[in-house]
Amino acid sequence: MAEKITLNEKNELNVPDNPYIAYIEGDGTGPDIWRATSLVVDSAVAAAYNGSRKIEWKEIFAGEKANSKFGTYLPEETIEAIKDYVVSIKGPLTTPVGGGIRSLNVTLRQRLDLYACVRPVRYFTNVPSPVKNPEKLNIIIFRENTEDVYAGIEWEAGSVEAKKIISFINDTFNKSIVSESGIGIKPMSEFGSRRLMRMALQHAVKNKNRSVTIVHKGNIMKYTEGAFAKWCYKEAAENFRDATVKESDLKPGEDAGSRILIKDRIADAMFQQILLRPDEYDVVVTPNLNGDYLSDAAAAQVGGLGMAPGANIGKYAMFEATHGTAPKYANLDKINPGSLILSAVMMLEYMGWDEAAELIIKGLEKTFSQKFVTYDMARQMEGAVEVKCSEFAAKIAENMKQ
Ligand code: NAP
C-alpha cells in the first residue's frame, strides 16, 4: 500500500518504501521527457531494491493541461498537493501570455516558499562541450529563489505608481531619477540570505566539500548584494564556526585543512573563474539574479541545458527540468530527457535512495560512452548514434543493469 512522505517536527523527511510522489507532466515536450524519466526511475528503483521499494506516481496538474481540464493554469489543488506529498517533480511549463501570471514557475516558488534553487553542474564523458577541460567543472549552485528583483515589485515606465515612487525618491532623498523610468525593487533580507547559506553549508558538511563560495555584486549594490555576503559570513561564523574558515583569515601559505573554506567572489569575476579555474570551486551560494545567469553559463560548459538538472527546495521539494517546453519538438519523441532524468537523480538522493540514483548515473555514463545520444548532442558528436528520446531512456535502463 502506497503511503505519503511526511515531515517530522524538525522538517526532516520520513520516506516510506512505497511512497506517493506527485508529478506535473509539463507542456510541449513535457510528456515525452516525463515518459522517458519515469521509465528510467522505475527501472532503477526496481533494480536497486528488488521490489522492496517502489514509487507510486500521482499526477497533479499545472500549465496547459490544467487550463484545459479546470480552466486555470495553476489550480489551488495543485499547490495543496505539492505540500501534501512533500516531494514532487515537474516538466517544463509554458508561461501563459497575459492573464496576470508572470511565470508559473516563479509563482510556484513564491507560493510554496521554495527558497533555494539547487543546480548541480557536472560533466559526463563524451558529452560535447565548448571548453577544453569540461571535467574540471563540478559545482553545485544554491541560488536564492524568492527575493531580489524576482520578488515581482516593479512598475511600468509612465504608470501612476512609477511616477509616484520616482517623485517620492527624488523629493525625499534628493535623487534625480528620470521621471519616465520603469522602476523595479530589489529586496534582500538577512533571513532569506542566511537560510540559503545554511542549506549550502549543510550540503557542504554532509558531502565533505572543500569550499563554499559566496557570489555577489556587493562592490556596487552594498546594501543588497553586499549585505547578502555579510549575512552569509555571519551564518557560517555563528552556526558552523568549527567546520569552516574564512579565506581572508588564512595566513599566507596556510591551507584550510579539514575545514570548509568560505570565500567570496564578485559576480563578474566568477564568470571568468568558472572558465579559467573551475576546479577551485565546489559549492556556490548566490542571490537570485546572479544565480540565474551563472547556472545557465555553467551548464553550457558541460553540455547545455538539455543536461542541466534542478530543484526548488524549502520545506517542500520540487525537482524540475531547467529548460523550457521546446514546443517545436512537442510529441516528436525527439528531445533530450537528460535534464529531467538528472533532476530525478537529485530527487532520489534527497529521499535517501542513493542506490537507485547511482544506477541511473551508471546507466547514463555507459550510454554516453557508447555515443547513443539525442539529436542535440548527436549534431556535435563525431560517430554518434542518434536515438529518440524514448530510445535514449530505454538504453539507460538497459545499461544500468550491466
Ligand atoms: P526552450 O523551451 O528551453 O527551448 C529553446 C531551445 O533550446 C530549443 O528549441 C532547443 O534548441 C533547446 N532545448 C531546450 N530543451 C532541450 C532539450 N531537452 N533537449 C534538446 N534541446 C533542448 O526555451 P524557449 O523556447 O525560450 O521557451 C519555450 C517555453 O518554455 C516558454 O513558454 C517559456 O516561458 C517556457 N519556459 C519554461 C521553463 C520551465 O518550466 N522551467 C523554463 C524556461 C522556459 P534547438 O532548437 O536548437 O535544438
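Which strands does helix H10 (residues 338–351) lie across? Helix H10 crosses strand E3 (20–24), E4, E5, strand E6 (116–121), E14 and E15, and runs at about 160 degrees to E15. This is a predicted model, in which local features need pLDDT of at least 70 and side-chain atom pairs count only at pLDDT 80 or more, while totals for chains, interfaces and linings use all residues. Residues are numbered from 1 along each chain as its sequence is written, and side-chain values use heavy atoms, with hydrogens and water left out.

**Sheet**
- An open sheet of 11 strands with mixed pairing follows the order E4-E3-E5-E15-E14-E6-E7-E13-E10-E12-E11.
- Strands (E, at least two residues) and helices (H or I, at least four) are DSSP runs numbered from the N terminus, and two strands pair if DSSP finds at least two bridges between them.
- Strand E4 (56–59) and strand E11 (244–246) are at the edges with a single partner strand each, so one side of each lacks a neighbour in the sheet.
- Strand E10 (residues 211–216) and strand E13 (residues 283–286) run parallel and are joined by three bridges.
- Threonine 213 is opposite valine 284 in E13.

**Helix packing**
- Helix H4 (residues 104–111) packs on the sheet and touches strand E5 (87–90), strand E7 (139–144), strand E14 (309–313) and strand E15 (317–321).
- Contact means heavy atoms within 4.5 Å.
- The direction of H4 makes about 165 degrees with that of E15.
- Axes are lines fitted to C-alpha atoms, for helices over the stretch in contact, with angles from 0 to 180 degrees between N-to-C directions.

**Cysteines**
- The structure has zero disulfides, a disulfide being a pair of cysteine sulfur atoms within 2.5 Å.
- The sulfur of cysteine 232 is 16 Å from the closest cysteine sulfur, in cysteine 117, too far for a bond.
- Cysteine 232 is buried, at 0% relative accessible area.
- Buried means under 20% relative accessible area, exposed over 50% and partly exposed in between (1.4 Å probe, protein chains only).
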